[in-house]
Amino acid sequence: QYSPDSVAGADGEIDPTEITFPGCSCRSSSCVAPECPCLRRGENYSSSLCLRLAEQQEQHFSRPVFECNSLCQCGDGCQNRLVQRGLQLRLQVFRTERKGWGVRALEPIRSGRFVCEYAGEVLGSAEAHRRIRAQTPQDPNYIIAVREHLHDGRVMETFVDPTRIGNVGRFLNHSCEPNLFMVPVRVDSMVPKLALFAAVDISAGEELSYDYSGRFHNLPGASREHKPLEEENSLRKPCYCGSRMCASFLPWDGSLFSTP
C-alpha cells in the first residue's frame, strides 16, 4: 500500500501524525532565525532550499532539524517547510541487473536538496524486533533502525517498516559510496521523518543510494554495526554496489535479532 508519509504501525505504540510541538507566532511569509523558535531549535535550510551541509560537517555533532509545523502562524510558503511538502522530484523505480528494484533520478539533483522520505509503519522496539526475528534469510528486510546519539549520552531509536505500507524510499539500494544521506527531520512531534538528501550533485539517470549502516556523514562509531559471529554469517546478504570501497556484504546489526 502506497503512503507518502509514515503511519502508525500495527502495534499502535507510536503515532507519527500526533501534534505535540507548539507552533511559532511568526507573521512573516517565511520565518527567519533567530526570531523563529522553530529555527532556534536546530539546523535550518539555505535560501536555495537545501540542507546546510557545510555547517553540519564542521560541527562535532549534527544539529537537529525542526521544520515549522501545523500550529505555526507562518504560511505554507515558509522556507522552513521542506520535507513536509513531500516528493517534488521526478524519480523512477526500475529493475537493476543484480540488486532487484532500484530508484534513479529523472532530472539533475543538486547537493543538499531533499529527495524523498523513507516512509512506512513506525514501530515500537518490541514489534520491530519481533518482525525482524520472524524473517528468513531469503526475505528482503526493509525495516530500518535509526539511532540518534544525544549530547548527554542517551540514544533515541526510531524503527520504520515499509514492507506493507510505504513509499518510493523502500526501493532505494545500499551503496558503500552513496549519493544520498539520511537525516531525521521533525515537524509536529519528536517522531522524526527519515529524510534523504543529496550528498553530491546527482545527474539525470543516476541510481540513488544511501548507506544502510549510517556510517556516511556520521561520526565513527555512531553505527552499531559489528563483525558478525560465525553463526550469523548465513544471514548476511552480499553487496552489489560496485564501488571501489565495497565491503562485499550489506551492513549488519546483530542487536536487531536479539530480544530488546
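Trainee: Why is Cys-24 called buried?

Mentor: Cys-24 has 1% relative accessibility in this predicted model. Buried means under 20%. The value falls under that cut-off, so Cys-24 counts as buried.

Trainee: How do you know that Cys-24 and Cys-72 are not bonded?

Mentor: Their sulfurs are 3.6 Å apart, and Cys-72 holds the closest cysteine sulfur to that of Cys-24. A disulfide needs the two sulfurs within 2.5 Å. The distance is therefore too far for a bond.

Trainee: What about Cys-78: buried or exposed?

Mentor: Buried. Its relative accessible area is 0%, and the cut-off is under 20%.

Trainee: Why is Cys-78 not paired in a disulfide with Cys-31?

Mentor: The closest cysteine sulfur to that of Cys-78 sits in Cys-31, at 3.8 Å. Set that against 2.5 Å. The gap is too far for a bond, so no disulfide is assigned to this pair. The structure as a whole holds zero disulfides.

Trainee: Now charges. How many salt bridges does the search find?

Mentor: The whole structure gives 13.

Trainee: What makes Arg-130 and Glu-127 a salt bridge?

Mentor: Their closest N and O atoms are 2.8 Å apart. The limit is within 4 Å. The pair qualifies as a salt bridge.

Trainee: Where do these two residues lie?

Mentor: Both are in helix α3, residues 125-133. They are three residues apart, which means a separation of about one helical turn.

Trainee: Why is Arg-130 called partly exposed while Glu-127 is called buried?

Mentor: Arg-130 has a relative accessible area of 44%. Partly exposed runs between the 20% and 50% cut-offs, so Arg-130 belongs there. Glu-127 stands at 14%. That is buried, because the cut-off is under 20%.

Trainee: Which other arginine forms a salt bridge with Glu-127?

Mentor: Arg-131, with its closest N and O atoms 2.8 Å apart. Arg-131 and Glu-127 are four residues apart in helix α3, about one turn. Arg-131 is buried, at 7% relative accessibility.

Trainee: What makes Arg-244 and Glu-177 a salt bridge?

Mentor: Their side chains meet at 3.1 Å, N to O. Within 4 Å is the test, so the pair passes. Arg-244 lies in the segment after β12 (209-210), and Glu-177 in the loop between β9 (173-174) and β10 (180-186), so the pair ties together parts that are 67 residues apart in sequence.

Trainee: How do you know that Arg-244 is exposed and Glu-177 partly exposed?

Mentor: Arg-244 has a relative accessible area of 77%. Exposed means over 50%. Glu-177 has 30%, which lies between the two cut-offs.

Trainee: Which residues are joined into one network by salt bridges that share partners?

Mentor: Glu-121, Glu-127, Arg-130, Arg-131, Asp-161 and Arg-164.

Trainee: Which residues of α3 are buried, and what do they pack against?

Mentor: Glu-127, Ala-128, His-129, Arg-131 and Ile-132 are the buried ones. They pack against β6 (121-123) and β8 (155-161).

Trainee: Why is Ser-255 called partly exposed?

Mentor: Ser-255 has 22% relative accessibility. Buried would need under 20%, and exposed over 50%. The value lies in between, so partly exposed is the label. Ser-255 sits in the segment after β12. The C-alpha atoms of Ser-255 and His-129 are separated by 9.0 Å, with their positions 126 residues apart along the chain.

Notes. Residues are numbered from 1 along each chain as its sequence is written. This is a predicted model: local features need pLDDT of at least 70, side-chain atom pairs count only at pLDDT 80 or more; totals for chains, interfaces and linings use all residues. Side-chain values use heavy atoms; hydrogens and water are left out. Buried means under 20% relative accessible area, exposed over 50%, partly exposed in between (1.4 Å probe, protein chains only). Contact means heavy atoms within 4.5 Å.
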